[in-house]
Amino acid sequence: MGFSHHTLKKNLISIRDPLGYVATLVIGRHAALLFDTMSGVGDLRSYLKTLTDLPVIVVLSHAHFDHLGGAFLFDEVYLSSQEAINLEIYFDKEIRELVVNNAKKKLPFTHQAVHGLNASSRPDFLELKEGMRFDLGGVRLEAISLPGHTPGSMGLLCKELGVLLSGDAFTPIMCLFLEESLSVNAYLRTLDKVARLSFDYFVTSHHQRLFEKERLEIFRSCAEFSQHNDKGKLFRYSLIPKFEGVMHIFQGSRDNADDFVAIITKKEKKDEDILFDEAMKYRK
Ligand SMILES: [Zn+2]
């Protein structure tokens, strides 16, 4: 059971935790920044020491369990105050147990290894606000508000590297089905906002690769398809089955993650008669 990493480009490292969740490490001259902390399974702090000797600033894109679990190993982390409600939802005992029990089917680990379970050791949450800058020495990151997946989702824009770290704000399987998710229109507004920013690639918190900015145009078409052209199919989140939504598949086959583009929107009553055998993993 361990972590692994992949260098995306100079000063930009993608880390994968034992459960397959992903975070990004940005390295400057005098500090490093970890964007998201994955599930909390495994000793993330020790692993970071193998990658950098620099002090590490920890920033969370949002407060879902697969981004904040490892935050409990740090004294302080940055998070939007709009994510306070998600902190409570994802510290709900039932949800934490579901996630952990499901993970244990994949690989054996002890309860102590799941730092996210230990709610008594919460870090100090420092407020992450739009426009806030982190200067790592030669590499600067600016916080950008990216509402949609959650109200307080934040990204980090790095002009020197030409990348936007986007968390779950834009992904090939865009999740807007959660209770805390905003409307498709709110997501479209965020896509408009990002189109005006200068960067070449974006990096999600579920993929170990760079996505070209142009990909966002396909995501826009997918969102519009869900509004006007497609009834969709019922989706059940395999990890937490009570979370349901409507999946609109815009393009690609399930087996080919590279071209697959879909959006999962909130479920309405009219969709109850459509059944969809959910076999897809959230992180794909
Ligand atoms: Zn999320």
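**View 1. His206 lies in the loop between strand 13 (201–204) and strand 14.** In this predicted model, His206 counts as buried because it has 20 C-beta neighbours inside 10 Å, and 20 is the number at which a residue is taken as buried. The view also takes in Val22, which is 184 residues away from His206 in sequence, although the two C-alpha atoms are 5.2 Å apart in space.

**View 2. Six strands form an open sheet of mixed pairing, in the order 8-9-10-11-13-14.** The edges of this sheet are strand 8 (133–135) and strand 14 (211–212), each of which has a single partner strand, so that one side of each is left without a neighbour in the sheet. At one of these edges, strand 8 pairs with strand 9 (residues 140–145) in the antiparallel sense, over three bridges. Within this pairing, Phe134 has Leu141 of strand 9 as its bridge partner.

**View 3. Helix 5 (residues 184–195) packs with helix 6 (residues 215–228) at an angle of about 160°, the two axes being 10 Å apart.** That angle makes helix 5 roughly antiparallel to helix 6, since angles over 145 degrees are counted in this way. The crossing in which helix 5 passes helix 6 is left-handed. From helix 5, the residues Val184, Tyr187, Leu188, Leu191, Val194 and Ala195 take part in the contact, and from helix 6 they are met by Leu216, Phe219, Arg220, Ala223, Ser226 and Gln227. By residue class, the contact of helix 5 with helix 6 is made up of nine nonpolar residues, two polar ones and one charged one.

**View 4. A further open sheet is formed by four strands in the order 12-17-16-15, again with mixed pairing.** Strand 12 (173–175) and strand 15 (233–236) stand at its edges with a single partner strand each, so one side of each has no neighbour in the sheet. On average, and with direction ignored, neighbouring strands of this sheet are turned by 35° against each other. The edge strand 12 pairs with strand 17 (residues 261–266) in the parallel sense, over three bridges, and in this pairing the bridge partner of Cys175 is Ile264 in strand 17. Helix 6, which also appears in the helix packing with helix 5, lies across strand 12, strand 16 (244–251) and strand 17, and runs at about 45° to strand 17.

**View 5. Strand 4 and strand 5 pair in the parallel sense over four bridges.** Among the residues involved is Ala32, whose bridge partner in strand 5 is Val56. Along strand 5 (residues 56–59), Val56 and Val58 point one way whereas Ile57 and Val59 point the other way, and all of these residues are buried.

**View 6. His30 lies in the loop between strand 3 (22–27) and strand 4.** His30 counts as exposed because it has 11 C-beta neighbours inside 10 Å, and 12 or fewer is the condition for that class. When residues up to four places away in sequence are not counted, His30 touches Leu54, Leu136 and Gly137. The C-alpha atoms of His30 and Val139 are 9.7 Å apart in space, while 109 residues separate the two in sequence.

**View 7. Asn11 and Asp36 are shown together for their backbone angles: Asn11 has a positive phi of about 70° without being a glycine, and the phi of Asp36, likewise a residue other than glycine, is positive and near 80°.** Asn11 is found in the loop between strand 1 (4–9) and strand 2 (12–16), whereas Asp36 has its place in the loop between strand 4 (32–35) and helix 1 (44–51). As to their surroundings, Asn11 counts as partly exposed, with 19 C-beta neighbours inside 10 Å, while Asp36 is buried, with 29 other C-beta atoms within 10 Å.

**View 8. The whole protein, given as context for the close-up views, contains six helices and 17 strands.** Of its 284 residues, 42% count as buried. Where contacts join residues at least 6 apart in sequence, 60% of them are between residues at least 24 apart.

Definitions and conventions:
Residues are numbered from 1 along each chain as its sequence is written. This is a predicted model: local features need pLDDT of at least 70, side-chain atom pairs count only at pLDDT 80 or more; totals for chains, interfaces and linings use all residues. Two strands pair if DSSP finds at least two bridges between them. Helices (H or I, at least four residues) and strands (E, at least two) are DSSP runs, numbered from the N terminus. Axes are lines fitted to C-alpha atoms, for helices over the stretch in contact, and angles run from 0 to 180 degrees between N-to-C directions. Angles under 35 degrees count as roughly parallel, over 145 as roughly antiparallel, 65 to 115 as roughly perpendicular and the rest as oblique. A crossing is left-handed if the near helix is turned anticlockwise from the far one by less than a right angle, and right-handed if clockwise. Two residues are in contact if their C-beta atoms, placed from the backbone, lie within 7 Å. Ala, Val, Leu, Ile, Met, Phe, Trp, Tyr, Cys and Pro count as nonpolar, Asp, Glu, Lys and Arg as charged, and the others, Gly among them, as polar.
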